[in-house]
Amino acid sequence: MLDTAFFRRWMTATAAAVDREADRLTELDSAIGDADHGSNLRRGFTAVAAVLDKDNPDTPGGVLTLAGRELISTVGGASGPLYGTLLRRTGKALGDAAEVDRAQLAEALGAGVAAVAQLGGAAAGDKTMLDALLPAVDALGESFAAASTAAEAGALATVPLQARKGRASYLGERSIGHQDPGATSSALLIAALVEAAG
Ligand code: ADP
Ligand code: MG
C-alpha cells in the first residue's frame with residue numbers, strides 16, 4: 001500500500017529530478033518555446049517541497065492537492081496551471097484515504113490527466129506533456145517501472161511531431177525535430193514514482 005510518506009517521497013524525488021534536469025528542460029524549451037520550462041518547474045517544485053514540510057498534510061490526497069495548489073500559485077507559465085491541475089485533481093480523486101494501492105493511484109492519475117486534457121484542450125499526439133502522461137497512466141496498472149518506461153518512450157516520441165498546442169505550436173512545422181519540454185518533465189515526474197517506491 002502507498003501511504004502519505006510515499007506521496008511525500010514522490011514529490012521530493014520530483015523536486016530533486018527537476019532541479020537536476022532544469023538546464024536540460026530549459027534548453028529544450030529554448031528550441032521550441034521561451035526557455036523557461038526548467039526554471040518554472042524548479043521554482044514550483046522547490047516551493048512544493050517547502051510547503052509540504054511546513055503544512056505536513058496527513059493523507060496521500062492531501063499531499064497532492066497541496067502540491068497542486070502550490071504549483072498553480074508559484075508557476076506563471078502554461079505548465080504551472082497544467083501540472084497544478086494534474087496533482088490537485090489526482091489528489092481529489094484519492095479522497096481522504098490513509099493509504100491507497102497502485103490501481104487506485106492509476107485511476108486517480110487518469111482523472112488528473114483527463115483534467116489536464118480538458119484544461120489545455122490537447123490530445124495525444126499534439127506534442128505536449130500528455131504524450132508522456134497518457135501512456136504512463138495506461139502502464140501504471142502493470143508497475144511503476146512500466147509506467148516510467150512508457151512515459152520516457154512517449155517523451156522521445158514527441159520529437160517527430162508538430163506541436164498543435166501551447167507556445168511551440170506558433171512555430172508550425174519548425175517545431176518538428178525537437179523533444180517537447182513538458183513531455184520530458186512529465187517523464188521525470190513518473191520516474192520519481194519508481195524512486196519513491198524503491
Ligand atoms: P510556457 O509555454 O508558458 O512558457 P512552460 O515552458 O513552463 O510554459 O511549459 C511548456 C510545456 O507546457 C510544453 O512543452 C507542453 O508540454 C506544455 N503545454 C503547453 N500548452 C499545453 C496544453 N494546452 N496542454 C497540455 N500541455 C501543454
Ligand atoms: Mg516556456
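In this predicted model, an oxygen atom of ligand 1 lies 2.9 Å from an N or O atom in the side chain of histidine 37, and two further side chains are placed in a similar manner: an N or O atom of aspartate 36 is 3.0 Å from a ligand oxygen, while for serine 79 the corresponding separation is 2.6 Å. With a cut-off of 3.5 Å for a pair of N or O atoms, these count as polar contacts. Of the 570 Å² of accessible area that ligand 1 has on its own, the protein covers 92%.

The shell around the ligand holds 20 residues, of which His37, Asn40, Ala78, Ser79 and Asp180 come nearest. Helix H2 (37-55), helix H4 (79-94) and helix H8 (181-197) are the elements that contribute two or more residues to this shell, and H8 provides the largest share, with 3 residues. Sorted by class, the shell consists of 6 nonpolar, 8 polar and 6 charged residues.

Turning from the ligand to the space that holds it, ligand 1 sits in the largest pocket, whose volume is about 490 Å³. The pocket is lined by 26 residues, and those closest to its centre are Ala78, Ser79, Leu82, Gly166 and Arg167. At least two lining residues come from each of helix H1 (4-32), H2, H4, helix H5 (102-120) and H8, with H5 giving the most, 3 residues. By class, the lining comprises 10 nonpolar, 9 polar and 7 charged residues.

Notes
Residues numbered from 1 in each chain as written. Chains lettered and ligands numbered in written order. Predicted model: local features only at pLDDT ≥ 70, side-chain atom pairs only at ≥ 80, totals over all residues. Heavy atoms only, no water. Near = heavy atom within 4 Å. Polar contact = N/O pair within 3.5 Å; in protein donor to acceptor, adjacent residues only side chain to side chain. Areas by Shrake-Rupley, 256 points an atom, 1.4 Å probe, with all protein chains shown as cover. 1 Å grid on protein atoms, 1.4 Å probe; cavity = no way out; pocket = protein on both sides within 12 Å on 5 of 7 lines; lining within 4 Å. Sits in = over half its atoms within 2 Å of the grid points. Helix = DSSP H or I, 4+ residues; strand = E, 2+ residues; numbered from the N terminus. Nonpolar A, V, L, I, M, F, W, Y, C, P; charged D, E, K, R; others polar. Points joined across faces, edges and corners; volume = space filled by probe spheres on them.
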